[in-house]
Amino acid sequence: MKKIQDILKERILVLDGAMGTMLQRYKFTEEDFRGERFADWEHPLQGNNDLLSLTQPEAIAEVHRKYFAAGADIVETNTFSGTTIAMADYFMEDLVYELNYESARIAKQVADEFTAKEPHKPRFVAGSIGPTNKTASMSPDVNDPGFRGVTFDELRIAYKLQVEALLDGGSDILLVETIFDTLNAKAALFAIEEVKEERNIDVPIMVSGTITDASGRTLSGQTAEAFLISISHISILSVGFNCALGANQLVPHLEVLAAKTGFGVSAHPNAGLPNAFGEYDETAEQMAAQIKEYVEKSLVNIVGGCCGTTPEHISAIANLVKDYKPRSISAETV
């Protein structure tokens with residue numbers, strides 16, 4: 001199969017849209033989340049989307065199929081909360097390896113189906129590595145600014161288990177995403193480098209941060225350029241931003257990345273900003289019209305959607321970007 005590094009220089013690649021938005025359409029109940037296997041689990045499980053890879057695997061496969069059919073080149077595994085740290089909320093730390101392995105296996109199986117049908121357009125699986133629900137840079141206690149809810153080493157160990165399972169399950173890429181605290185991301189990248197060294201392998205890495213508000217900074221206070229500098233010590237496939245903002249609000253931050261890095265640049269924004277009910281109203285056509293600015297300015301190499309986006313959004317984006325050349329990448333950095 002053609003290497004993704006080579007394809008990235010030929011055309012803009014399309015990432016999938018939101019998994020959570022699609023799973024909400026199924027209206028799964030507590031019983032659906034539990035399935036037979038976890039019927040007697042003593043803690044509530046509704047909302048643990050990662051668990052659906054074990055209890056509703058066909059629904060997960062169907063979401064991947066819909067995104068590939070819409071034109072996605074890359075789908076993300078259903079593992080956004082797939083660490084022992086995040087799974088502690090459900091007392092499911094012992095299931096972390098299996099959750100990541102099965103999620104990657106399901107996605108890879110669907111990717112292979114589409115690649116077999118369209119060998120000229122190979123499909124890839126990105127192992128999704130979320131930020132966890134703790135932050136290494138800031139205190140969760142306003143009365144104790146020096147306190148930390150998690151250490152760098154605890155994060156590194158948790159991420160390493162996730163990375164190993166994602167690779168064993170068949171992930172082609174590792175995507176460290178929705179980074180609100182760069183120190184958490186550095187722990188994830190450290191873990192990835194450890195696994196690469198131990199296994200004597202190379203694996204493409206995507207890194208995607210989150211600008212949390214109009215200040216143009218991540219939650220831990222970094223500007224786009226500071227974030228880029230913080231993660232540029234290792235060779236990665238792409239750096240970018242996702243979540244928090246709609247497509248048009250991301251433009252100035254993508255301009256910074258595009259001007260300052262030799263890596264690929266990615267963006268998967270939300271479908272606008274949430275309304276009063278926490279729902280996303282931006283249509284596929286509206287979102288694609290905003291993303292047109294990315295490609296007209298040659299800002300991106302990979303583009304997709306985050307919260308509120310659906311296969312309709314991805315289809316509109318895929319139809320748009322096919323007519324544009326990707327931003328040029330320095331050969332030596334990929």
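User: A helix here is a DSSP run of at least four residues, numbered from the N terminus. Which helix supplies the largest share of the lining of the largest pocket?

Analyst: The model is predicted. Helix H2 (19-24), helix H6 (84-87), E4 and strand E6 (238-246) each give at least two residues to this lining. The largest share is five residues, and its source is H2.

User: What is the volume of the largest pocket, and which residues are closest to its centre?

Analyst: The largest pocket has a volume of about 970 Å³. Its lining counts 44 residues. Closest to the centre are Ala18, Met19, Gly20, Thr21 and Asn49.

User: How many residues of that lining are polar?

Analyst: The lining divides into three classes. Nonpolar residues number 14 and charged ones nine. The polar residues number 21.

User: Which strands stand at the edges of the sheet?

Analyst: The open sheet has eight strands, paired in parallel, in the order E1-E8-E7-E6-E5-E4-E3-E2. An edge strand has a single partner, so one of its sides is left without a neighbour in the sheet. That applies to E1 (13-14) and E2 (74-76).

User: Which residue in E8 is the bridge partner of Ser266?

Analyst: Strand E7 (residues 264-270) and strand E8 (residues 302-303) run parallel, joined by two bridges. Ser266 has its bridge partner in E8, namely Ile302.

User: What angle does the direction of helix H12 make with that of E7?

Analyst: Helix H12 spans residues 284-296 and packs on the sheet. It touches both E7 and E8. Its direction and that of E7 make an angle of about 160°.

User: At what angle does helix H8 run to E3?

Analyst: Helix H8 (residues 152-168) lies across two strands, E3 (124-129) and E4 (173-179). Relative to E3, H8 runs at about 165°.

User: Is His64 buried or exposed?

Analyst: His64 is part of helix H5 (residues 57-69). Leaving out residues up to four places away in sequence, His64 touches Met19, Val75, Glu76, Ile106, Ala107 and Val110. The relative accessible area of His64 is 0%. The cut-off is under 20%, so His64 counts as buried.

User: What distance separates the C-alpha atoms of Ala72 and Asp16?

Analyst: Ala72 sits in the loop between H5 and E2. It is buried, with a relative accessible area of 0%. Residues that Ala72 touches, beyond four places away in sequence, include Val14, Leu15, Asp16 and Ile314. Ala72 and Asp16 are 56 residues apart along the chain, yet their C-alpha atoms are separated by 5.4 Å.

Terms used
Residues are numbered from 1 along each chain as its sequence is written. This is a predicted model: local features need pLDDT of at least 70, side-chain atom pairs count only at pLDDT 80 or more; totals for chains, interfaces and linings use all residues. Side-chain values use heavy atoms; hydrogens and water are left out. Buried means under 20% relative accessible area, exposed over 50%, partly exposed in between (1.4 Å probe, protein chains only). Contact means heavy atoms within 4.5 Å. Two strands pair if DSSP finds at least two bridges between them. Axes are lines fitted to C-alpha atoms, for helices over the stretch in contact, and angles run from 0 to 180 degrees between N-to-C directions. On a 1 Å grid over the protein atoms alone, a cavity is a set of points where a 1.4 Å probe fits but cannot get out, and a pocket is an open set with protein on both sides within 12 Å along at least five of seven lines; lining residues have an atom within 4 Å of a point. Grid points are joined across faces, edges and corners, and a volume is the space filled by probe spheres set on the points. Ala, Val, Leu, Ile, Met, Phe, Trp, Tyr, Cys and Pro count as nonpolar, Asp, Glu, Lys and Arg as charged, and the others, Gly among them, as polar.
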